[in-house]
Amino acid sequence: MTQITVTVDGTSYVDDVEPRMLLVHYLREVVGKTGTPIGCDTSNCGACTVLMDGASVKSCAVLAVQANGADITTIEGLANGDCTPGMIIAAADLLRDNPHPSEQEIRDGLEGNLCRCTGYQNIVRAVQLAAEAGVKP
Ligand code: FES
């Protein structure tokens with residue numbers, strides 16, 4: 001076991017974890033942040049995306065020990081109501097770095113987050129509206 005110290009949604013946690021434990025499992029099973037889902041077992045869907053020190057990462061592709069000392073923001077730290085976690089986290093990361101993205105920059109920023117229900121046009125439009133409204137993630 002390895003001891004890690006991680007800040008999750010503004011709260012500091014000190015826990016002993018197995019070195020092979022994935023960050024997504026740590027967040028869900030140890031910290032209780034079940035709003036971060038596991039959508040696939042191939043690191044392709046992006047559903048598990050969180051912000052790690054302000055950058056979006058797929059938490060199923062990061063070991064919990066790699067998050068030692070990091071500041072993690074999950075969808076529960078960002079959300080106000082129900083939403084699609086990976087897309088929201090990726091959009092927040094994009095708008096933080098680029099408050100006025102072009103359509104192509106939005107599409108590039110959301111790349112790696114798969115949507116099986118709506119197609120992407122309305123998601124891109126939602127990010128454009130958020131940017132136009134001056135939303136600050
Ligand atoms: S669960 Fe699909 S990318 Fe992490």
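**Helix packing, cores and loops**

The axes of H3 and H5 come within 11 Å and cross at roughly 40°; axes here are lines fitted to C-alpha atoms, for helices over the stretch in contact, with angles running from 0 to 180 degrees between N-to-C directions. That angle makes H3 oblique to H5, given that angles under 35 degrees count as roughly parallel, over 145 as roughly antiparallel, 65 to 115 as roughly perpendicular and the rest as oblique. Helices (H or I, at least four residues) and strands (E, at least two) are DSSP runs, numbered from the N terminus. The model is a predicted one, where local features need pLDDT of at least 70 and side-chain atom pairs count only at pLDDT 80 or more, while totals for chains, interfaces and linings use all residues. Residues are numbered from 1 along each chain as its sequence is written, and side-chain values use heavy atoms, with hydrogens and water left out.

The crossing of H3 and H5 is right-handed, the term for a near helix turned clockwise from the far one by less than a right angle (anticlockwise would be left-handed). On the H3 side, Met87, Ala91, Leu94 and Leu95 meet Ile123, Val127, Ala130 and Ala131 of H5, contact being heavy atoms within 4.5 Å. Sorted by class, this contact of H3 with H5 has eight nonpolar residues, no polar and no charged ones. For that sorting, Ala, Val, Leu, Ile, Met, Phe, Trp, Tyr, Cys and Pro count as nonpolar, Asp, Glu, Lys and Arg as charged, and the others, Gly among them, as polar.

Next comes the pairing with H4. Helix H3 (residues 85-97) packs against helix H4 (residues 103-110) at an angle of about 130°, and their axes are 9 Å apart. That makes H3 oblique to H4, and the crossing of H3 and H4 is right-handed. The residues that meet are Met87, Ala90, Ala91 and Leu94 in H3 and Glu105, Ile106, Gly109 and Leu110 in H4. The contact of H3 with H4 breaks down into six nonpolar, one polar and one charged residues.

The axes of H4 and H5, in turn, come within 10 Å and cross at roughly 115°. H4 and H5 are therefore roughly perpendicular to each other, and their crossing is right-handed. H4 brings Glu103, Ile106, Arg107 and Leu110 to the contact, and H5 brings Gln121, Ile123, Val124, Val127 and Gln128. In the contact of H4 with H5, five residues are nonpolar, two polar and two charged.

As for the cores, the largest nonpolar one has 16 residues, and Val6, Leu23, Tyr26, Leu27, Met52, Ala67 and Ile72 have the most contacts inside it. Such a core is a set of buried Ala, Val, Leu, Ile, Met, Phe, Trp, Tyr and Cys residues joined through side-chain atoms within 4.5 Å. Buried means under 20% relative accessible area, exposed over 50% and partly exposed in between (1.4 Å probe, protein chains only). Strand S1 (2-8), helix H1 (23-31) and strand S3 (49-52) are the elements that give two or more residues to this largest core, and the largest share, four residues, comes from H1. A second, separate core has 13 residues, including Ala90, Leu95, Leu110 and Ala130. Back at Val6, residues up to four places away in sequence aside, the contacts are Thr11, Ser12, Tyr13, Tyr26, Ala67, Asn68, Ala70 and Ile72.

The loop between H1 and S3 holds Thr36, a residue that counts as buried at 1% relative accessibility. Beyond its neighbours within four places in sequence, Thr36 is in contact with Val24, Arg28, Cys48, Val50, Ser59, Thr74, Ile75 and Glu76. Asn44 lies in the loop between H1 and S3 and is partly exposed, with a relative accessible area of 44%. With residues up to four places away in sequence not counted, Asn44 touches Lys58, Gly112 and Leu114. Asn44 and Leu114 are 70 residues apart along the chain, yet their C-alpha atoms are separated by 7.6 Å.

Two aspartates have an unusual-sign backbone entry: phi of Asp9 is near 50°, a positive value in a residue other than glycine, and phi of Asp53 is near 50°. Asp9 is found in the loop between S1 and strand S2 (11-17) and, at 21% relative accessibility, counts as partly exposed. Asp53 lies in the loop between S3 and strand S4 (55-58) and is exposed, with a relative accessible area of 55%. Lys136, in the segment after helix H5 (121-132), counts as exposed at 70% relative accessibility.
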